[in-house]
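Please examine the structure shown below. The questions that follow take up confidence, the nonpolar core and a contact between chains.

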Amino acid sequence: MKDKILEIINNVSPDAVLEIEEFRGDLSIKLNPTFLVEVATALKSNAELAFISIRDITAIDWAKRKNRFTVVYNVFSFKLNFRLRLKADADDNFEIDSVTSVWQGANWYERETYDMYGIKFRNHPDLRRMYMPEEFEYYPLRKEFPVMGIPGSIPLPNKED
Amino acid sequence: MGLEAKLAGDGFITTTLDAVIAWARKSSVWPMPMGISCCAIEMMSAVDPKYDMSRFGSEVMRFTPRQCDLMIVAGTVTYKMSHVVRQIYDQMPDPKWVIAMGACTSSGGMYRSYPVVQGIDQFLPVDVYTAGCPPRPENLLNALIEIQKKIGNSKGRDFQDEKYSNAPKAPIG
Amino acid sequence: MIDVHNDQKLLKTLMADADITIEDALENEMIINMGPQHPATHGVLRVVLRLDGETVIAAEPELGYLHRGYEKMAENMTYYEYIPHTDRLDYTATMCNNVGYALAVEKLAGIEAPKRAQYIRMIVSELSRIMGHLVAIGTFAMDVGAVTMMLWTFREREYIQNVYDRLAGARFTTSYTRIGGVASDMDDVAVAMIREFLDNFEYALDDFENLLNRNRIFIERLEGIGVISQEDAIDLGLTGPNLRACGVDYDIRRANPYLFYNEIDFKVPVYSEGDSLARYFVRADELRESVKIVRQCLDKIPSGPVLANAPKTVLPHKDEVYTKMEELIHDFMLVNFGINPPVGDIYSAVENPKGELGFYMVSNGKGYPWKMKIRSPSFCNLQALKKLCKGTMISDVVAIIGSLDPVMGEADK
């Protein structure tokens, strides 16, 4: 199964795969972000693999200067009953391509990642905040944001008695 | 509410009138369930056949604030939701009381994080706080009985008009 | 000062979303807010509707009114301290979340709970599934008009909550599982209570079905409402009973058995119509299957310890902590510095009553997780709401939200 997946990805481009990792039975493949949408289309449309379901999209903040954010895609294939994790680094302006053209369900997952980390997804149909109010100026899950929040960042109604 | 409030004073007729009106108010407190999260399920359990809340007169849980006089805030209030809670509180007609149900409304509870208001008394006047995460339904019934005791001790002149002459009008809508 | 109700971008999306045509359009468009405080939205969900008379042209849900910062808090506390927080995710079926979290941390740390603990976890998982589906059916029927159902289902829930009280000490949010097993053993009184509940529950289920299954109003209110095709359901990321109502036979307990589900014999109900009535029938059938599973588990449960013997990861028993030196040191290290799993990332999923609950954890070797992402089923199921509501009436929106069965504590994290 792993070889079949790697063969399909190598057909798209020989330098799409940067790293392969297997830990506790999970397979994760790190991709070059320029080939992300093509690899996703190839994995979805291939009749044998059929990775038609995207389960989750999230990001990891490594808190270092270069390649600070890694975006993680969790895709699943009903046919093979196999779960695959794709990873891709966001570039220096914290931007990456959106995969909503491949899977419709990626819409809200990418909005949530934008809300929490500030990663912009190019070609997303409707990129706005998910949980925090629209004019909130910070990105809560970045490592420099404190857990208790920044006082005064969201207003409270007045207590009139 | 208007007439007996204007009869200030402690004469025989006015104290009997106060007692009768207070008894009528406390025996039929209609709660407005502001059910936000987990405490809302325990509030629904307080209405189910085992911990019947209707024997205390509070079976009618109307979801429109215009008909209620007790607001039970059940669940974690976030900053985004606090404006909605305050707007609903302003839409309730006087006299009104508030029960803060559970740890999240009393003090922020176990959520010491950026979006959670650490206690609803920062923007609402609260009458009874209930402890628990979530409080057992018997605890909520105890809070209701405390509110009933508080209403039973209220007098007509507590709701005089001068106190509210500077009050902001409730928003329409 | 920021304005919390600034809806400009939301309204722009709402107005742009006009890909259905209505015959006999009334030319009477309005934008109505089905606000966060509403009797029928199952929690604090806000849906902004664009209506033509009473027909919905576009609907745009807005979340975030119960966002409590779960993922940020997880990065600042140890794996043990986080167990009570997982209780409050899907607060209608509380023990299932605990089991899912404990399985994820055990996968990361590389330990395994003993067999008796796994069976106890299966029993409480299935009892939680019954509780969750009872709330779903009760409130869903109440929204559609059958108010009696809510009182009947909550009465049945009280019996299960008595069982939880006996097992774990609390009736609702229990935090019963521990990393490496469960907190306390199941005694004979609890087993007798569970058996008694199961015997009476089948009669109650017959009552529910007599009331609803052939009720003409119920069926006409739900048949053909909120239909979703199989390809759309898979593409949008639906899981759980919503997906099984569209004809996809996928259940994590069958496909990737965790705990000891491969030793238990049960059926997975699948319907193919994809409308709200099919989603109700899937849940009603799953109630009967859960009763069968609990009966088989009670017959097969072995005796033995309920906590694993892995001193570097599992908290030792309290009476040993007070009397022996080594256990005292382990207790101190685990509580203050946390378990230190190896560097890496895992994803582990269980079948919750609402769908697939997954935990994605990244560890950097320290006691606190570097990142924890909760893949909550209600968040992903709500994504389909926009597509399902198009072309229906306002009262159908209530029925659709009830049949999708979202829980906002989970959707907003």
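Q: In chain B, where is confidence lowest and where is it highest?
A: This model is predicted, and confidence varies along its chains. Within chain B, helix α1 (residues 2–6) has the lowest confidence, with a mean of 60. Where pLDDT is low, the predicted coordinates should not be read in detail. The highest confidence in chain B, at 93, belongs to strand β4 (residues 128–129).

Q: What is the mean pLDDT of chain B?
A: In chain B, 83% of the residues reach 70 or more. The mean pLDDT of chain B is 83.

Q: Which helix gives the most to the largest nonpolar core?
A: The largest nonpolar core has 205 residues, and A:V71, B:M71 and B:V73 touch the most other members. Chain C supplies the helix that gives the most to this core, with 16 residues. That helix is α5 (residues 115–144) of chain C.

Q: Why does this core lie between two domains of chain C, and which domains are they?
A: A core lies between two domains if both give residues to it, and that is so here in chain C. The two are domain 1 (8–62) and domain 2 (70–309 + 340–411).

Q: Which element gives the most to the side of chain A that touches chain C?
A: The contact takes 33 residues from chain A and 35 residues from chain C. On the side of chain A, β3 (53–61) and α3 (106–117) each supply at least two residues. By class, this side has 17 nonpolar, 7 polar and 9 charged residues. The element that gives the most, with 6 residues, is β3(A).

Terms used: Residues numbered from 1 in each chain as written. Chains lettered and ligands numbered in written order. Predicted model: local features only at pLDDT ≥ 70, side-chain atom pairs only at ≥ 80, totals over all residues. Core = buried A, V, L, I, M, F, W, Y, C linked by C-beta atoms within 7 Å. Buried ≥ 20, exposed ≤ 12 C-beta atoms within 10 Å, placed from the backbone. Helix = DSSP H or I, 4+ residues; strand = E, 2+ residues; numbered from the N terminus. Domains from an automatic or database assignment. Contact = placed C-beta atoms within 7 Å. Nonpolar A, V, L, I, M, F, W, Y, C, P; charged D, E, K, R; others polar. pLDDT = per-residue confidence, 0-100.
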